[in-house]
Amino acid sequence: MRAARLSAKRLGRPFRRRAALLPLVFAVALAAPPGAQAQPRVPPLALVGHLLPESPDPVRVVVIDPGHGGFDPGSPGADGVLEKDVALAVGLAVARALEGVPDLEVHLTRDRDVGIPVWDRGDMATRLKGERPGILLSIHANALDDLNTRGVETYFLSEARTEHERRVAALENAPAAGGGDGGATTTDDPALAFILNELRNLDHIHWSADLAQIVQERLAAVHPGRDRGVKQAPLAVITNALMPSVLVEVGFVSHPAEARMLMDPDFHAAAAEALAEAVVEFFERYPPGASSGEVSGAGSGR
Ligand SMILES: [Zn+2]
């Protein structure tokens, strides 16, 4: 349950976030009975006045989730490369690439080789985000029996439409099911169907698809493998994150050359730069109505 905050800019304005308490403070004041003035329950207005927000909170939150870890190695690849190690290396590099971006708070669900139950990750991201605009970026690597397949693909939460999407959902959800034989891969699962329906009523699917498109474009531009496009699947890790959420498969550990690349620090840096740029680009349009340009300069702090 460890979360590393690598960058927390402009969080030194301690009173702004307490402004949400003001309605409660005034409600208590109105409810105080006449004559109950011996111990005033609320501070004088002169004291609470400086708690009023000057402007909406400009801070955006990005939760980077390196997939698998610890007891859960993820997909095994060529030459002993493990998905969990690729995910952690890329995740740490993305966090570094986002250091110094103004008004961006960056968290990692894990910064070392520890296991986190897959259903806990979305909850963790939701708690870290709080009431701020934020996103979850879950980082994974793919595997197939066909060792010639390589490339990058990005998922957002929806029903799987193809056999490949169903297979990836089964792989990624396997730890959630407590075994290695699949898991909640279709909406035949009533609990998952309920969650999917709830989320459809929110705006997150739309924004997740938008984020997935940006992530895919940016990463494919620096990736030597094929651009496999944006895909949809009911992935446990992003299902219960109440924010735009995507899962990116940064390559295939099953492809021998790509497995070597996925352990190469040069690739980690290039992929991280691309993903950091995607995050910044997304926040230029999200949340809707926010002035653009609040967040800029991905990688400038590197
Ligand atoms: Zn994975």
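A crossing of two helices is right-handed if the near helix is turned clockwise from the far one by less than a right angle. In the predicted model described here, this arrangement is found where α3 passes α10, and the crossing of α7 and α10 is likewise right-handed.

The protein chain contains ten helices and seven strands, and buried residues account for 45% of its 302 residues. Among contacts in the chain between residues at least 6 apart in sequence, 80% join residues at least 24 apart.

The packing of α3 against α10 takes place at an angle of about 55 degrees, the two axes being 8 Å apart; α3 is therefore oblique to α10. On the α3 side the contact is formed by A89, V90, A93, V94, R96, A97 and L98, and on the α10 side by H268, A269, A271, A272, E273, L275, A276 and V279. By class, the residues of this contact comprise twelve nonpolar, one polar and two charged.

A second helix, α7 (residues 204-222), also packs on α10 (residues 265-283), with axes that come within 8 Å and cross at roughly 150 degrees. Because angles over 145 degrees count as roughly antiparallel, α7 is described as roughly antiparallel to α10. In this pairing, L211, I214, V215, R218, L219, A221 and V222 of α7 meet A270, A271, A274, L275, E277, A278, E281 and F282 of α10. The contact of α7 with α10 has twelve nonpolar and three charged residues, and no polar ones.

L275 of α10 appears both in the contact with α3 and in the contact with α7. When residues up to four places away in sequence are not counted, L275 touches V94, L137, V215, R218 and L219; of these, V94 belongs to the α3 side of its contact with α10, whereas V215, R218 and L219 belong to the α7 side of the other contact. In the largest nonpolar core, which has 76 residues, L275 and V279 are the members that touch the most other members, and V279 is also listed among the α10 residues that meet α3.

Helix α3, which spans residues 83-98, also includes D85. With 21 other C-beta atoms within 10 Å, D85 is classed as buried, because the cut-off for a buried residue is 20 or more such atoms. The C-alpha atom of D85 is separated by 8.9 Å from that of G67, a residue 18 positions away along the chain.

Note on methods. Residues are numbered from 1 along each chain as its sequence is written. This is a predicted model: local features need pLDDT of at least 70, side-chain atom pairs count only at pLDDT 80 or more; totals for chains, interfaces and linings use all residues. A nonpolar core is a set of buried Ala, Val, Leu, Ile, Met, Phe, Trp, Tyr and Cys residues joined through C-beta atoms within 7 Å. A residue is buried if 20 or more other C-beta atoms lie within 10 Å of its own, exposed if 12 or fewer, and partly exposed in between; C-beta atoms are placed from the backbone. Two residues are in contact if their C-beta atoms, placed from the backbone, lie within 7 Å. Helices (H or I, at least four residues) and strands (E, at least two) are DSSP runs, numbered from the N terminus. Axes are lines fitted to C-alpha atoms, for helices over the stretch in contact, and angles run from 0 to 180 degrees between N-to-C directions. Angles under 35 degrees count as roughly parallel, over 145 as roughly antiparallel, 65 to 115 as roughly perpendicular and the rest as oblique. Ala, Val, Leu, Ile, Met, Phe, Trp, Tyr, Cys and Pro count as nonpolar, Asp, Glu, Lys and Arg as charged, and the others, Gly among them, as polar.
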